[in-house]
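Work through the exercises below with the structure open. Each task is followed by a solution in steps.

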Amino acid sequence: MKFMSASKSHHERHHWVAGHIAGLPRSGIRDFFELVSARDEVVSLGIGEPDFVTPWSIREATIYALDQGHTSYTSNLGLISLRRECCRYVQSEFGVDYQPDQECIVTVGVSEGLDLVMRAILNPGDEVIYHQPAFVSYAPAIAMAHARPVPVHTREADGFVLSAADVENKITPKTKALLLNYPNNPTGANLGEPEKAALAKVAVKHDLLVITDEIYSELTYGLRGASIAAYPGMRERTVFLHGFSKAYAMTGYRIGYACGPHQLIDAMMKVHQYSMMCACGFAQEAAVEALRNGRDEREAMREEYRQRRNVIVKRLNDMGLPCSLPDGAFYVFPRISDTGLDSQQFAMRLLEQKNVAVVPGTAFGEAGEGYVRCSYAASMTDIETAMTRMREFVNELS
Ligand code: PMP
């Protein structure tokens, strides 16, 4: 993550800072966006959050909860009404049955869910395998739990789908878990049934825990199958992480949830109880409303993303930046290596010369070299403008 060199002073070690924290890089995305925010008139395809405001009925439920004076702590596990809705939803949409009182915990976004599961399961020196490119928090979440992140590179030629054989090659006696995120940030790739089955088989064979981050699951443009948690032998070895940020445009509410076997949820609950107490109560009430009545708005947003995806993919390919049609999330990950620039040079020069922000692929690990991430959670107008400027930029390079 070379973007961080701009802020070297932040990385100098101080004797009070723990070694494993001092050694962590800052998020390449955040550093890049400090540069972006310093400029006027930037068209940004950089941010990984919906450009929609939260649907009105959900906002209204928040206001109602506040109006009723619901401003106190909730149960550590979260409101039972929300846990019931979450379990019902996971059962009907993902094919796995969880008990709301024993096997579900409400978290402060999927971000906290990730942190909880890592701190609950990892001993110092344990290894967690994950795919790269990956969401920027994965390796740090593992490292902050004193464990070792072990990346497995995914390739454009395989549609950025994680190969079960590649995972198997990285397994050592210290491997404890496999962390998955499909639909994927930053590539938009998704797993099909055979790939999920193959990964499930490896997990069972080597007695691995699987942590599946399903935050983009609703934003799937083809068929959406069952979660890997529903595969044979998987329910007892999977922690299912989900949340409201993406599908319901609720990033600022900070609500997520984790489902899994009771002993694991109970261990996560201890970490949560002593570090967070509970997630925000009126935000939890809003999440109940999202699950009860949010489907139509959610589907309307997905339809809009689908149209934007079709436009952006066509325009990128037309200008000579190859990318396949991604199955999910709201990202495309075009290959830019033919321009002769590396991903950071490409993103920096595009920003400086054309005022368009995209994220260098290396922000998602070294496997992202040669690519940039463009988010289509931006208005169609912004997408069109960004594509026109990007085409000029690419033409001027050649
Ligand atoms: N996982 C992935 C793959 C993400 O892309 C994000 C957000 N960018 C998160 C988790 C965190 O989401 P939340 O808002 O639920 O903490």
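A polar contact is a pair of N or O atoms within 3.5 Å. The model used here is predicted.

**Exercise 1.** Find which side chains place an N or O atom 2.6 Å or 2.7 Å from an oxygen atom of the ligand, and state how much of the ligand the protein buries.

Solution.
1. Start with the residues that come nearest: among the 13 around the ligand, these are Val110, Ser111, Asp213, Tyr216 and Ser245.
2. In the side chain of Ser245, an N or O atom is 2.6 Å from a ligand oxygen, which is within the 3.5 Å cut-off.
3. A polar side-chain atom of Tyr216 lies 2.7 Å from an oxygen atom of the ligand.
4. For Arg254, the distance from a side-chain N or O atom to a ligand oxygen is 2.7 Å.
5. The ligand taken alone exposes 400 Å², and the protein buries 92% of that.

**Exercise 2.** Describe the site and the shell around the ligand by pocket, class and helix.

Solution.
1. The largest pocket holds the ligand.
2. The shell has 5 nonpolar, 5 polar and 3 charged residues.
3. Helix H5 (residues 109–121) gives the largest share of this shell, 3 residues.

**Exercise 3.** Met277 and Ala329 have positive phi values; decide for each whether the residue is buried, partly exposed or exposed.

Solution.
1. Met277, with phi near 70°, lies in the loop between helix H9 (262–275) and helix H10 (281–293).
2. Its relative accessibility is 35%, so Met277 counts as partly exposed.
3. Ala329, with phi near 60°, lies in the loop between helix H11 (295–318) and strand E9 (331–332).
4. Ala329 counts as buried because its relative accessibility is 0%, and buried means under 20%.

Notes. Residues are numbered from 1 along each chain as its sequence is written. This is a predicted model: local features need pLDDT of at least 70, side-chain atom pairs count only at pLDDT 80 or more; totals for chains, interfaces and linings use all residues. Side-chain values use heavy atoms; hydrogens and water are left out. A residue is near a molecule or strand if one of its heavy atoms lies within 4 Å of it. A polar contact is a pair of N or O atoms within 3.5 Å; within protein, one must be able to donate a hydrogen and the other to accept it, and residues adjacent in sequence count only if both atoms are side-chain atoms. Accessible areas come from the Shrake-Rupley method with a 1.4 Å probe; for residues, only the protein chains shown count as cover. On a 1 Å grid over the protein atoms alone, a cavity is a set of points where a 1.4 Å probe fits but cannot get out, and a pocket is an open set with protein on both sides within 12 Å along at least five of seven lines; lining residues have an atom within 4 Å of a point. A molecule sits in a cavity or pocket if more than half of its atoms lie within 2 Å of its grid points. Helices (H or I, at least four residues) and strands (E, at least two) are DSSP runs, numbered from the N terminus. Ala, Val, Leu, Ile, Met, Phe, Trp, Tyr, Cys and Pro count as nonpolar, Asp, Glu, Lys and Arg as charged, and the others, Gly among them, as polar. Buried means under 20% relative accessible area, exposed over 50%, partly exposed in between (1.4 Å probe, protein chains only).
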